[in-house]
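Got your viewer open? Let's walk through this one together, one selection at a time.

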Amino acid sequence: MKYRGIIFDLDGVICSTDEYHYLAWKALADRLGIPFDRERNNLLRGVSRMASLDIILEKSEKTYTDEEKAAFAEEKNTLYRQLLKRMSPADLSDDVKTTLDALRKTDLKLAIGSSSKNTPFILERIGLSHFFDAVADGNCITRSKPHPEVFLKAAEMIGLSPADCLVVEDAHAGVEAAAAGGFDCAAMGDARDDARANWHLERFSDLSKCLG
Ligand code: BG6
Ligand code: MG
């Protein structure tokens, strides 16, 4: 096989939390009178919670203190976690489930590399808490994508060098992070046509075509 490990982004790759992120940020933006729509929501893919808030506040006429910003992020996250409670293993698509089950039968190491601090909660909701060999997430990094830290951490956790791993991403920030870290990248969803990726996936199960 061309790779010895696969590092998956979580949101938008393994499961779809986009709508919940959007609804929670939209509620905050509306309360603060800041314009925000689904197109701007796309700019937040792969980006950390505080960096996402900064992008939203770019459209605000007011400036806010660090304390106010921390409270806004907390407010969004509380609502977001309420919405995440609606998720269950049924939210894992058949395409993702079948592919992950097939990959689990190979010798490949499988890891998560996500900017989200809610990764453990989301994995629990979708029934994948114990599925991966390693989970690197927003709780164990200081620099969010497009910095490669989370992928480098995931590779280290599964004992592989970046050259041996394929990263699967749906965010342009994540594709950039993979390239910066020396990883091959399979792009899908919003980032599918990103020229910096080595593979362009129509659907998750197309991963099999990258493994040779
Ligand atoms: C990423 C999402 O996975 O996690 C971003 O694509 C999100 O949209 C980021 O901002 C941080 O998420 P959380 O759950 O820590 O607020
Ligand atoms: Mg993503």
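Here is a short tour, from the overall layout down to single atoms.

Keep in mind as you click around that this is a predicted model.

**Stop 1: the two domains.** Color residues 5-15 together with 88-210 as domain 1, and give 18-84 another color as domain 2. If you place a marker at the C-alpha centre of each domain, the two markers sit 24 Å apart. Now look at where the domains meet: 14 residues of domain 1 are in contact with twelve residues of domain 2.

**Stop 2: the ligand.** Select ligand 1 and ask yourself: where does it lie relative to the two domains? Both domain 1 and domain 2 supply residues to its shell, so ligand 1 lies between them. Switch on a surface and you'll find that ligand 1 takes up the space of the largest pocket.

**Stop 3: the shell.** Show the 15 residues that surround ligand 1; the closest are D11, V47, S116, K117 and N118. Color the shell by residue type and you get three nonpolar, eight polar and four charged residues.

**Stop 4: the polar contacts.** Zoom in and draw some distances to oxygen atoms of ligand 1:

- R49: a polar side-chain atom is 2.8 Å from a ligand oxygen.
- K117: go to the backbone here, where an N or O atom lies 2.7 Å from a ligand oxygen.
- N118: back to the side chain, with an N or O atom 2.7 Å from an oxygen of the ligand.

How much of ligand 1 does the protein bury? On its own, ligand 1 exposes 390 Å², and the protein buries 96% of that.

How values were computed:
Residues numbered from 1 in each chain as written. Chains lettered and ligands numbered in written order. Predicted model: local features only at pLDDT ≥ 70, side-chain atom pairs only at ≥ 80, totals over all residues. Heavy atoms only, no water. Near = heavy atom within 4 Å. Polar contact = N/O pair within 3.5 Å; in protein donor to acceptor, adjacent residues only side chain to side chain. Areas by Shrake-Rupley, 256 points an atom, 1.4 Å probe, with all protein chains shown as cover. 1 Å grid on protein atoms, 1.4 Å probe; cavity = no way out; pocket = protein on both sides within 12 Å on 5 of 7 lines; lining within 4 Å. Sits in = over half its atoms within 2 Å of the grid points. Nonpolar A, V, L, I, M, F, W, Y, C, P; charged D, E, K, R; others polar. Domains from an automatic or database assignment. Contact = heavy atoms within 4.5 Å.
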